[in-house]
Every structure is written in C-alpha cells, then in structure tokens.
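Please open the model in a viewer and keep the selection panel at hand. The tour proceeds by selections, each followed by a short account of what is found there.

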Amino acid sequence: MKKTTGMDRSVTSQWRPATQAVRGGTWRSEHGETSEALFLTSGYTYDNAAEVAARFAGEAEGMTYSRLQNPTVAMLEERIALMEGAEACRVQASGMAAMTAALLASLSAGDHCVAARAAFGSCRWLVDHLLPRFGIETSVIDSADNDAWEAAIRPNTRVFFFETPANPTLDIVDLEHVCGLAKAHGITTVVDNAFASSALQKPMDFGADVVAYSATKLMDGQGRVLAGAICGTKEWIDEVLLPFQRNTGPNLSPFNAWVVHKGLETLDLRAHRQSQNAVALGRMMEPRVPRILHPGLESHPRHALALKQMRATGPVFAFDLESREKAHALLDALRLIDLSNNIGDSRSLACHPASTTHAGLSEEARAEMGVTEGLVRINVGLEDIEDIKEDMDQALEAAGF
C-alpha cells in the first residue's frame with residue numbers, strides 16, 4: 001500500500017472540507033483502485049525475524065497487528081484528522097467506546113472532571129457512575145453558564161467534558177470561552193461533536209484539545225454500522241490515548257471503517273441539506289408546540305452563538321409536548337418519520353428520550369438535564385421537506401396540537 005502520488009499531508013491539509021471528505025487519506029495498492037481497498041486481516045507476515053523485531057520496537061514502518069494498525073482503518077483515521085484539522089485520529093468500535101477511552105485515558109484516581117449536565121444518557125452514566133468507581137471526582141454544571149465552568153475548577157481538575165449541541169436538549173456551549181478557560185488552567189477539553197460533525201463545526205478552531213465522535217451518526221449517516229473516533233494532537237494521541245487503546249482494544253473493524261469512508265464522501269452534502277430541512281420543519285412547528293429547542297431558530301437562547309460556531313445547526317432538534325401521553329400520541333401517529341433512537345441518519349427519525357436514550361438515568365437526573373416527560377427528539381432526514389412537514393402536521397393534529 002502507498003499513498004497516492006501528491007497526497008502528502010502538506011497538500012491534503014490545504015484542501016477544503018468537502019474535498020478532504022472525498023479524497024483525504026487515500027492510499028492505493030499496486031492495482032490503482034479508485035475506491036478504498038478493504039483489508040480484512042487480523043495479522044501480517046514479515047520477510048524475516050529482524051524486520052518483525054524492528055516493527056515492534058518502532059524502528060521500522062509497517063503493520064504489526066490489526067488491533068494497532070490496519071490499512072483500511074488507517075486511511076479513515078487520516079481522513080477524519082484532515083477534516084477535523086487535527087494532527088492525529090484513532091477510531092473506535094463505537095461512539096461510547098470513543099467517549100470512554102477519551103476520558104479514562106486522560107484521568108486517574110484523585111483527578112477531577114467537570115462535565116455538562118446536558119448530555120447523552122450513556123455519557124452522563126460515565127460521569128455519574130463509572131468515573132467515581134475509579135476514584136475520579138466529578139461535577140456536573142449548567143454548560144450554558146460561562147461562570148459555572150470557572151466556579152467548578154478545583155486544584156485537581158484535569159478535564160472539561162461536554163457536548164455541543166447537547167443531546168437531547170440542544171444546549172450550546174461557548175467553545176471559545178470554555179476552551180480558553182481550560183487552557184488558562186492547564187485543563188484538557190474533551191468535546192463530543194457528534195451532533196454537528198466537522199462538516200458543520202470544528203471545536204479545535206476554538207481551542208478544544210480533544211474532539212470525540214460517534215461516527216455512527218452523521219459520518220456514516222445511513223444507519224449501517226457502529227463507529228467512533230477521537231482526534232487530538234499527535235503527542236496526545238500517541239502518548240495518552242494509544243497506550244490505553246493498545247491494551248484495552250476498543251478498535252474499529254476494517255469493514256466498519258470502510259463503510260464510514262463511504263459515508264464521509266457525502267457528509268458535507270447530507271449535513272447541510274438535513275440542516276436546512278430541520279430549520280424548515282422547526283419553523284413550521286414552532287407556533288404549534290408549547291416549547292421548541294432548536295438552535296437554528298431565533299427563539300433558542302443561544303441562537304447567535306450557534307451561528308457563530310457552526311456552519312449550519314444540524315439535523316436534530318427537540319420539542320416539548322408537556323406529557324408522556326401526548327409525546328407518545330404524536331410518535332404513534334407518525335407515518336413517514338420512523339420511531340428510532342438513532343440520529344444523524346439520512347432518514348427522519350423521532351424518539352421519546354425519557355423512555356429510550358435517557359431511560360437509564362434517575363428521574364432526578366433527567367429533570368436536572370431538562371429531559372422532561374413530554375420531550376420528543378427528532379432527526380430530520382433527506383426526504384422531501386414537504387413530505388416531512390405533512391407527516392408532522394397530521395401527527396401534531398392527532399396528538400391535539
């Protein structure tokens with residue numbers, strides 16, 4: 001395997017995001033294939049024992065084992081890093097594998113982590129339950145309160161962890177302020193960028209240290225595979241993350257990496273069209289629902305900040321119908337929009353977070369996060385926007401709105 005002629009990092013890093021998503025990190029074999037090759041292998045052979053020793057000692061280039069390197073996986077890592085504007089990337093078996101690895105690789109017993117209270121249910125579980133089991137102190141704060149971040153800092157604070165936009169309440173974190181504060185105190189920022197992807201937002205442009213993903217979402221974007229990714233400096237990836245990943249093994253399979261490759265080729269187009277559809281649907285719904293949480297609408301308290309940080313506000317938003325009964329009535333009336341707890345898909349999907357994605361949290365934790373019994377989250381897809389509107393219109397009417 002070799003990189004395509006002229007595809008060194010000094011060239012590809014100058015390409016614009018849509019070009020990087022199609023061509024970044026492309027390697028080709030002697031066959032000159034146009035589509036990335038799929039290498040389904042767990043191990044590699046060597047010409048002699050000295051070569052094996054040199055590779056394992058890091059003194060010679062080459063693959064050693066697919067838990068550490070695989071050509072298909074390496075191509076995906078290079079492409080994601082280019083798109084993110086990061087020095088390096090390591091992909092993971094799932095989004096939660098990425099979040100877990102990013103946190104556990106950065107924290108040790110006696111350290112302190114400050115996290116946003118609005119988060120995906122499993123991310124809150126990490127903060128509320130897993131990290132404390134290893135002697136790591138945690139605090140959760142209102143991520144929209146800039147002063148709360150500084151007030152939460154302790155002498156042993158090592159990590160700020162947050163999503164923006166947050167799942168499912170669409171809280172927006174002031175990236176420049178929070179990342180700047182972290183740098184001033186020697187704190188590592190770990191940002192979950194899954195709701196936006198690098199096509200819509202680049203946290204590193206605002207000072208983030210580590211950006212983590214569920215690549216299952218917009219990157220694949222077609223509901224096919226689980227995948228995760230972590231981006232950072234080469235030093236952090238090699239010295240902090242890689243020892244954890246090498247020895248615990250949350251690795252992405254070559255096949256899933258290849259599928260995500262294919263998703264990235266259309267990411268820019270999908271993310272922007274779905275964002276447009278989401279704003280159009282939100283405008284139609286806003287006068288009819290009691291509360292809408294949509295960063296693309298002027299009614300969102302951090303609408304201006306979202307537009308400052310993001311190229312578009314993404315396919316996902318939430319709305320509150322005041323009770324579980326009304327939320328379920330709307331979901332049951334949908335005909336086009338599927339009931340599913342996934343997001344970032346090219347299909348329109350809707351779910352009731354309190355009984356699905358956040359069901360594992362206590363009622364008190366859900367209330368603290370703003371995940372009410374009437375909250376519905378929707379991922380707006382690539383269907384014709386008029387069909388999506390018509391389906392939502394009849395479902396709202398069936399639910400009494």
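Into which domains is the protein divided? Select 5-263 for domain 1 and 267-399 for domain 2; these bounds come from an automatic or database domain assignment. The model is a predicted one, in which local features need pLDDT of at least 70 and side-chain atom pairs count only at pLDDT 80 or more, while totals for chains, interfaces and linings use all residues. Residues are numbered from 1 along each chain as its sequence is written, and side-chain values use heavy atoms, with hydrogens and water left out.

**The two domains**

With both domains coloured, place a marker at the centre of each: taken over C-alpha atoms, the centres are 26 Å apart. Next, display the residues that meet across the boundary. Domain 1 contributes 41 residues that are in contact with 40 residues of domain 2, where contact means heavy atoms within 4.5 Å.

**The second largest pocket**

Stay with both domains and turn to the second largest pocket, which holds about 330 Å³ of space. To find its centre, select M96, F120, N167, S214 and K217, the closest to it of the 21 lining residues. A pocket is, on a 1 Å grid over the protein atoms alone, an open set of points where a 1.4 Å probe fits, with protein on both sides within 12 Å along at least five of seven lines; lining residues have an atom within 4 Å of a point. Points are joined across faces, edges and corners, and the volume is the space filled by probe spheres set on them.

Why does this pocket lie between domain 1 and domain 2? Both domains give residues to its lining, so the pocket is placed between them. Now select helices α5 (95-106) and α9 (216-220), the elements that give two or more residues to this lining. The largest share, three residues, comes from α5. Helices (H or I, at least four residues) and strands (E, at least two) are DSSP runs numbered from the N terminus.

**K217**

Select K217, which is placed in helix α9. An unreviewed UniProt entry lists this residue for "modified residue: N6-(pyridoxal phosphate)lysine"; such annotations may be inferred rather than shown by experiment, and their positions are given in the numbering used here. Is K217 buried or exposed? At 18% relative accessibility, K217 counts as buried; buried means under 20% relative accessible area, exposed over 50% and partly exposed in between (1.4 Å probe, protein chains only). Apart from neighbours within four places in sequence, the contacts of K217 are A194, N342, I343 and G344.

**The largest pocket**

Move to the largest pocket, with about 1200 Å³ of space. Select W27, M63, Q69, A74 and R90, which are the closest to its centre among the 39 lining residues. At least two lining residues each come from β1 (2-3), α3 (49-56), α4 (71-84), β3 (88-92) and α10 (234-248). Helix α4 gives the most, with six residues.

**Two further selections**

Select S198, in the loop between β7 (188-192) and β8 (210-214). S198 is buried, at a relative accessible area of 4%. Beyond its neighbours within four places in sequence, S198 is in contact with M83, E84, N193 and Y213.

Finally, select A304 in helix α13 (residues 303-309). A304 counts as exposed, at 61% relative accessibility. Draw a distance from its C-alpha atom to that of D338: the two are 34 residues apart along the chain and separated by 31 Å.
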